[in-house]
Amino acid sequence: MKKIVVIWSSPNKDGLTHSAAASLIEGMRKGGAEVEEVWLNGLDMRHCMACGSGYGACRSEGRCVIPDDFKELYDKLAEADGIVFVTAVYWHDLTEVMKAFTDRLRRCESAHNHYLAEKKAYIAACAGGTGNGATECLVRLEDTLRHMGVRTWDRMPVTRFNKDYNVPSLAKGGELFAVRLEEGFR
Ligand SMILES: Cc1cc2nc3c(=O)[nH]c(=O)nc-3n(C[C@H](O)[C@H](O)[C@H](O)COP(=O)(O)O)c2cc1C
């Protein structure tokens, strides 16, 4: 059975972002995957301090010196077959918490470890205001993943105008993602 880790970020446990993540998870379980859900805002996730002269232990040892929940979550991703990021859109960008996590992940990954290289990802951005910035947020997230060699298989912008059809379609996308993980991507 393939393992998928779904990391989602919003301070609201019952908002648009959570409904998108829940739909993906439902579909992935239907597609036969073992899914672990991680509510990122519930973790202690601090931001990179650019220690050393810009690069610290992330480059020399593939680890971050900040003692918080980063390492445990990184280890989960390293063990997963598929990885999923669902973020609320703030300022046309990732939430600050998702940004903090992916910034540190990118450093350890691309500079040293390469545990996530070639893993498949599914990403979604939930813009609950005007809807502006959903695509920019996805572009930024996908670019960060590309630095790590992670392959984004699909990406979904969710707004309050398309949620009635995009949230349910995430379940179908999630199901197919799980099936492809098991049977191979074409
Ligand atoms: C600081 C901040 C910045 C935001 N920026 C945007 C934005 O650029 N575009 C947009 O459509 N919504 C924006 N919003 C609205 C959030 O995307 C919206 O609150 C989010 O989808 C709600 O998700 P949730 O229900 O999971 O909290 C912003 C909200 C906050 C708090």
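1. Helices and strands in this note are DSSP runs numbered from the N terminus, a helix being H or I over at least four residues and a strand being E over at least two. With that convention, glutamate 118 can be placed in the loop between helix 4 and strand 4. The model under discussion is a predicted one, and each remark below should be read with that in mind.

2. Taken as a whole, the protein chain has six helices and five strands, and someone who follows the sequence from its start meets them in the pattern β-α-β-α-α-β-α-β-α-β-α. Among the contacts between residues at least 6 apart in sequence, 80% join residues that are at least 24 apart.

3. On overall dimensions, the C-alpha atoms fill a box of roughly 50 × 40 × 25 Å when the box is taken along the principal axes. The radius of gyration of the protein chain is 16 Å, and this agrees with the value near 16 Å that a compact globule of 186 residues would have. Of these 186 residues, 42% are buried.

4. Around the ligand there is a shell of 19 residues, and Gly15, Thr17, Ala127, Gly128 and Gly129 are the closest of them. Helix 1, which spans 16-30, and strand 4, which spans 120-127, each supply at least two residues of this shell, while helix 1 gives the most, with three residues. In character, the shell divides into 12 polar residues, seven nonpolar and no charged.

5. Helix 1 also deserves attention for its packing against helix 6. Two packed helices are described by the angle between their axes and by the distance between the axes. For helix 1 and helix 6, the latter covering residues 163-183, the angle is about 35° and the axes are 6 Å apart, and the crossing of the two is right-handed. The residues of this contact divide into 11 nonpolar, five polar and five charged. On the side of helix 1 they include Leu16, Ala20, Leu24 and Met28, and on the side of helix 6 they include Val167, Leu170, Ala171 and Phe177.

6. Two residues have a backbone that a student may want to check. Most residues other than glycine have a negative phi. Histidine 92, although not a glycine, has a positive phi of about 65°, and glutamate 118, likewise not a glycine, has a positive phi of about 75°. Histidine 92 sits in the loop between strand 3 (82-88) and helix 4 (96-113).

7. Are these two residues buried or exposed? Histidine 92 has 15 other C-beta atoms within 10 Å and is therefore partly exposed, whereas glutamate 118 has 9 other C-beta atoms within 10 Å and is therefore exposed. The step of reasoning here rests on the cut-offs, since 12 or fewer such atoms make a residue exposed and 20 or more make a residue buried.

8. Valine 65 belongs to the loop between helix 2 (57-60) and helix 3 (70-79). With 12 other C-beta atoms within 10 Å, valine 65 counts as exposed. Its C-alpha atom is 8.8 Å from that of cysteine 51, a residue 14 places away in sequence. Apart from neighbours within four places in sequence, valine 65 is in contact with Cys51, Gly56 and Ala57.

9. Methionine 98 lies in helix 4, and methionine 98 is buried because 27 C-beta neighbours are found inside 10 Å. Which residues does methionine 98 touch, not counting residues up to four places away in sequence? The residues in question are Ser9, Leu40, Phe85 and Thr87. Methionine 98 and methionine 45 are 53 residues apart along the chain, and their C-alpha atoms are separated by 8.8 Å.

10. Helix 4 is also where arginine 107 is found. A student might ask why arginine 107 is classed as buried; the reason is that 23 other C-beta atoms lie within 10 Å of its own. With residues up to four places away in sequence set aside, arginine 107 touches Cys48 and Cys58. Between the C-alpha atoms of arginine 107 and alanine 57, which are 50 residues apart along the chain, the separation is 9.5 Å.

Technical notes: Residues are numbered from 1 along each chain as its sequence is written. This is a predicted model: local features need pLDDT of at least 70, side-chain atom pairs count only at pLDDT 80 or more; totals for chains, interfaces and linings use all residues. A residue is near a molecule or strand if its C-beta atom, placed from the backbone, lies within 6 Å of it. Ala, Val, Leu, Ile, Met, Phe, Trp, Tyr, Cys and Pro count as nonpolar, Asp, Glu, Lys and Arg as charged, and the others, Gly among them, as polar. The radius of gyration is taken over C-alpha atoms; the globule rule is 2.2 Å times the number of residues to the power 0.38. Two residues are in contact if their C-beta atoms, placed from the backbone, lie within 7 Å. Axes are lines fitted to C-alpha atoms, for helices over the stretch in contact, and angles run from 0 to 180 degrees between N-to-C directions. A crossing is left-handed if the near helix is turned anticlockwise from the far one by less than a right angle, and right-handed if clockwise.
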